Amino acid sequence: MNPRLLATFLVLGSFPLLAQTPDLASAGVAHTSDIGFSYTIPANWEVVDSKAALPAAQAEVAKTAKSEDEKKGIGCVQVALTARHGDPASVVVVVALPYDCYGMTMTEKDLPSFGSGTAEGIKNTFNISSAVHGAYTVGTHSMWVERANGVLKDSPGMNYTVETVCSILKKGAVCWMAMAADKAGLQ
């Protein structure tokens with residue numbers, strides 16, 4: 001799996017994403033993906049429809065693709081969720097790569113390069129410092145995580161906690177990326 005392709009996830013989503021488990025007492029509607037994951041966002045978060053912008057972003061990123069496999073992967077990326085909360089806004093973006101579209105599957109051994117490639121894409125939007133990464137398990141799923149401090153390149157006074165969490169599933173790969181503007185955004 002090409003880490004450069006993975007970095008395009010962030011470019012396509014234009015936002016980082018956080019995979020914190022929401023407080024279920026304040027949870028909103030649960031969502032389920034066709035590739036085998038589900039998530040619940042807090043009721044006070046606003047879901048943003050970013051799907052209309054995806055084709056143009058994919059076309060722009062595909063211009064710099066270095067292989068046909070990379071172009072194919074860019075065309076297969078799906079934005080499962082974009083949500084925001086607060087002012088300044090904390091943002092969560094969930095991106096998925098379905099294997100049936102991409103034509104190849106990934107295994108657990110691909111997870112570190114998949115995750116780090118996706119996290120690398122954050123550097124297109126943020127100046128990153130103090131990055132820490134690790135791995136953990138949720139049920140039977142291995143998760144790769146990176147948390148860092150990030151300052152928006154376009155707004156140097158805007159400081160965020162940036163987190164990327166990725167997993168390899170049976171039907172596809174998924175990453176949750178977040179930029180949290182404050183402690184409430186991390187919750």
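What share of the 187 residues of the chain counts as buried? The figure is 44%. Please keep in mind throughout that this is a predicted model.

Some overall numbers to start. The secondary structure comes to 6 helices and 9 strands. If we take the contacts in the chain with a separation of 6 or more, 63% of them are between residues 24 or more positions apart. The chain exposes about 9300 Å², and 53% of that area is supplied by carbon and sulfur atoms.

Now the strand I want to spend time on, β9, which covers residues 172-180. Of its 9 residues, 9 are buried, so β9 is largely enclosed by the rest of the structure. In a regular strand, side chains alternate between the two faces of the sheet. Here, G172, V174, W176, A178 and A180 point one way from β9, while A173, C175, M177 and M179 point the other way. Residues on both sides are buried.

What does β9 pair with? One partner is β5: the two run antiparallel and are joined by 8 bridges. In that pairing, V93 stands opposite M177 of β9. Another partner is β8, again in the antiparallel sense and over 8 bridges. There, V165 stands opposite W176 of β9. β8 and β9 also form a hairpin, with 3 residues between them.

Next, the nonpolar cores. In soluble globular proteins, nonpolar side chains tend to be buried together. The largest core in this model has 25 residues. Within that core, M106, F114, F126 and I168 have the most contacts. Several elements each supply at least two of its residues: β5, α4, α5, β7, β8 and β9. Another core, of 17 residues, lies apart from the largest one. F37, I41, A83 and W176 are among its members. W176 is also the β9 residue that I placed opposite V165 a moment ago.

One polar residue in β8 deserves a mention, and that is E163. Is E163 buried or exposed? Its relative accessibility is 5%, and the cut-off for buried is under 20%, so E163 counts as buried. The side chain of E163 makes a polar contact with the side chain of R147, at 2.6 Å.

Last topic, the disulfides. The structure holds 2 of them. Counting bonded cysteines along the chain, the pattern is 1-2, 3-4.

The disulfide of C76 and C101 has its sulfur atoms 2.1 Å apart. The torsion about its S-S bond is about -80°, so this disulfide is left-handed. C76 lies in helix α3, residues 68-76, and C101 in helix α4, residues 99-102, so the pair ties together parts that are 25 residues apart in sequence. The two ends differ in exposure: C76 counts as buried because its relative accessibility is 4%, whereas C101, at 33%, is partly exposed.

The other disulfide joins C166 to C175, with an S to S distance of 2.0 Å. The value about its S-S bond is 110°, and the link is right-handed. C166 and C175 are both buried. C175 belongs to the group in β9 that includes A173, M177 and M179.

To recap the two links: C76 with C101 is left-handed, and C166 with C175 is right-handed. That is what I have for today.

Technical notes. Residues numbered from 1 in each chain as written. Predicted model: local features only at pLDDT ≥ 70, side-chain atom pairs only at ≥ 80, totals over all residues. Heavy atoms only, no water. Disulfide = S-S within 2.5 Å. Helix = DSSP H or I, 4+ residues; strand = E, 2+ residues; numbered from the N terminus. Buried < 20%, exposed > 50% of the residue type's maximum accessible area, 1.4 Å probe, protein only. Core = buried A, V, L, I, M, F, W, Y, C linked by side-chain atoms within 4.5 Å. Polar contact = N/O pair within 3.5 Å; in protein donor to acceptor, adjacent residues only side chain to side chain. Pairing = 2+ DSSP bridges. Contact = heavy atoms within 4.5 Å. Areas by Shrake-Rupley, 256 points an atom, 1.4 Å probe, with all protein chains shown as cover.
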